[in-house]
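Here's a quick briefing to go with the structure. Have it open while you read, and take the topics in whichever order suits you.

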Amino acid sequence: MESLLFPLLLVLLAGFMFFSMRKQKKRAAEMQDMQNSIQTGTRIQLTSGLFGTVIDSSSSDYIDVEIATGVVTRWNRLAIMKVVSTEDAAATYAGYVPPSAPLTADGDEFSTIDGTVNYDDASGYDDLDDTDVNLRKDQGPSSPDSEK
């Protein structure tokens, strides 16, 4: 029985290594296909985390990426991490405001997705004065009680 245990472990280890390498090769081939299929105008994310739009993809070794208006940089094709889908591309531009942020304002009342919030309504807070508020040291000015 013990004589079969060692060869069985070797076979299991070899099988694990085979399937692991196969999966890794498949993933590398998919990445290579994605990097080679990049066209001008595609929004991409580079391995450094930088987002940009492909301006020139005619070379097989490098691409020119516009990272800001009028700022074009040259990158190795291997630096492309992923293609940003057209639905998600708007979120990669500077100054993007997500749709969940307050969109309209009427005075001090903001309409949000969850409902309406009125910032002038201070009911329930009229009976508080400064002595009733206890702040931690990192939240504001220190008081004699908070310096313990």
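Is Gln35 buried or exposed? Gln35 is buried, because its relative accessible area is 5%, under the 20% cut-off for that label. Keep in mind that this is a predicted model, with one helix and eight strands.

**Overall layout and confidence**

- Going along the sequence, you'll meet the elements in the order α-β-β-β-β-β-β-β-β.
- The protein has 148 residues, and 16% of them count as buried.
- Its accessible surface adds up to about 12,000 Å², with 57% of that belonging to carbon and sulfur atoms.
- If you take the contacts with a separation of 6 or more, 32% are between residues 24 or more positions apart.
- Mean pLDDT for the protein is 76, and 66% of the residues reach at least 70.
- Confidence varies by element: strand 4 (residues 71-76) has the highest mean pLDDT at 94, while strand 7 (residues 109-111) has the lowest at 49.
- Where pLDDT is low, don't read the predicted coordinates in detail.

**The nonpolar core and Ile80**

- The largest nonpolar core has nine residues: Met34, Ile38, Ile44, Leu46, Val54, Ile63, Val65, Ala79 and Ile80.
- Two strands, strand 1 (43-46) and strand 3 (62-68), each put at least two residues into this core.
- Ile80, one of the core residues, is in contact with Met31, Met34, Gln35, Ile38, Ile44, Gln45, Leu46 and Ile63, once neighbours within four places in sequence are set aside.

**Back to Gln35**

- You'll find Gln35 in helix 1.
- Which residues does Gln35 contact, leaving aside neighbours within four places in sequence? They are Arg77, Leu78 and Ile80.
- So Ile80 turns up again here, and Gln35 is buried because just 5% of its relative area is accessible.

**The salt bridge**

- How many salt bridges does a search of the whole structure find? It finds one.
- The pair links distant parts of the chain, with Asp64 in strand 3 and Arg74 in strand 4, 10 residues apart.
- Their side chains meet at 2.9 Å, N to O.
- In general, side chains of opposite charge can pair when their charged atoms come close.
- The two partners sit on opposite sides of the burial labels: Asp64 counts as buried because its relative accessibility is 10%, whereas Arg74 is exposed because its relative accessible area is 54%.

**Phe51 and its contacts**

- Phe51 belongs to strand 2 (residues 51-56).
- Is it buried, exposed or partly exposed? At 26% relative accessibility, Phe51 counts as partly exposed.
- Not counting residues up to four places away in sequence, Phe51 touches Arg43, Ile44, Gln45, Ile67, Val84 and Thr92.
- Take Val84 from that list: Phe51 and Val84 are 33 residues apart in sequence, yet their C-alpha atoms are 8.7 Å apart in space.
- Ile44, also touched by Phe51, is one of the residues of the largest nonpolar core.

**A nonpolar patch on the surface**

- Phe6, Leu10, Leu13, Phe16, Met17 and Met21 make a nonpolar surface patch of about 660 Å².
- Met21, one of the patch residues, lies in helix 1 (residues 2-36).
- Met21 counts as partly exposed because its relative accessibility is 46%.

Key:
Residues numbered from 1 in each chain as written. Predicted model: local features only at pLDDT ≥ 70, side-chain atom pairs only at ≥ 80, totals over all residues. Heavy atoms only, no water. Core = buried A, V, L, I, M, F, W, Y, C linked by side-chain atoms within 4.5 Å. Buried < 20%, exposed > 50% of the residue type's maximum accessible area, 1.4 Å probe, protein only. Helix = DSSP H or I, 4+ residues; strand = E, 2+ residues; numbered from the N terminus. Contact = heavy atoms within 4.5 Å. pLDDT = per-residue confidence, 0-100. Patch = residues over 30% accessible without salt bridge, like charges linked within 9 Å, V, L, I, M, F, W, Y side chains within 5 Å. Areas by Shrake-Rupley, 256 points an atom, 1.4 Å probe, with all protein chains shown as cover. Salt bridge = Lys/Arg side-chain N within 4 Å of Asp/Glu carboxyl O.
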